[in-house]
Amino acid sequence: MIEQRPAFMACKNPGTGWRIDILWPDGETEVIKGFVTEHDAAKWISEHSTTWQENPDQPR
């Protein structure tokens with residue numbers, strides 16, 4: 001069986017700021033808001049996405 005992991009993407013909010021969209025293998029999308037710049041969102045992804053991918057059963 002192939003293990004599927006969430007995908008992360010930094011997205012511009014319609015107004016100001018940035019968010020991270022997390023697409024889970026079951027099709028559910030989770031959003032983390034509150035990033036001022038694209039760099040801030042990308043930094044969060046680089047620092048935290050590995051943990052989320054290693055533990056896909058963590059509470060959402």
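Okay, let's start with one pair of residues: A7 stands opposite L23, which sits in strand β2. Keep in mind that what you see above is a predicted model.

So what surrounds that pair? Strand β1 is joined to strand β2, residues 18–23, by six bridges, and the two run antiparallel. Zoom out a bit and you get an open sheet of three strands, in the order β1-β2-β3, with antiparallel pairing. At the edges are β1, covering 7–12, and β3, and each of these pairs on one side only. From one strand to the next, the twist averages 25°. A quick reminder for anyone new to this: strands in a sheet pair through backbone hydrogen bonds, and they can be parallel or antiparallel.

Now the whole chain. How many helices and strands does the secondary structure come to? One helix and three strands. If you read along the sequence, you go β-β-β-α. The chain has 60 residues, and 33% of them are buried. Its accessible surface comes to about 4300 Å², and carbon and sulfur atoms account for 52% of that. Also, take the contacts between residues at least 6 apart in sequence: 28% of those join residues at least 24 apart.

Next, my favourite residue here, F35. You'll find F35 in strand β3, residues 29–35. Is F35 buried or exposed? Its relative accessible area is 13%, and the cut-off for buried is under 20%, so F35 counts as buried.

And who does F35 touch? Skip its neighbours within four places in sequence, and F35 is in contact with G17, W18, R19, I20, D40, A41 and W44. There's also N13: F35 and N13 are 22 residues apart in sequence, and their C-alpha atoms are 9.5 Å apart in space.

Some of those names come back when we look at the largest nonpolar core. That core has 10 residues: F8, W18, I20, I22, W24, I32, F35, A41, W44 and I45. Which elements give two or more residues to this core? They are β2, β3 and α1, the helix at 38–54. As general background, nonpolar side chains in soluble globular proteins tend to be buried together.

So, to tie it up: we have a β-β-β-α chain, an open sheet with antiparallel pairing, and F35 as a member of the largest nonpolar core. When you open the model yourselves, try finding F35 in β3, then look for its contacts with A41 and W44, among others. That's it from me, thanks!

Conventions
Residues are numbered from 1 along each chain as its sequence is written. This is a predicted model: local features need pLDDT of at least 70, side-chain atom pairs count only at pLDDT 80 or more; totals for chains, interfaces and linings use all residues. Side-chain values use heavy atoms; hydrogens and water are left out. Helices (H or I, at least four residues) and strands (E, at least two) are DSSP runs, numbered from the N terminus. Buried means under 20% relative accessible area, exposed over 50%, partly exposed in between (1.4 Å probe, protein chains only). Contact means heavy atoms within 4.5 Å. Two strands pair if DSSP finds at least two bridges between them. Axes are lines fitted to C-alpha atoms, for helices over the stretch in contact, and angles run from 0 to 180 degrees between N-to-C directions. A nonpolar core is a set of buried Ala, Val, Leu, Ile, Met, Phe, Trp, Tyr and Cys residues joined through side-chain atoms within 4.5 Å. Accessible areas come from the Shrake-Rupley method with a 1.4 Å probe; for residues, only the protein chains shown count as cover.
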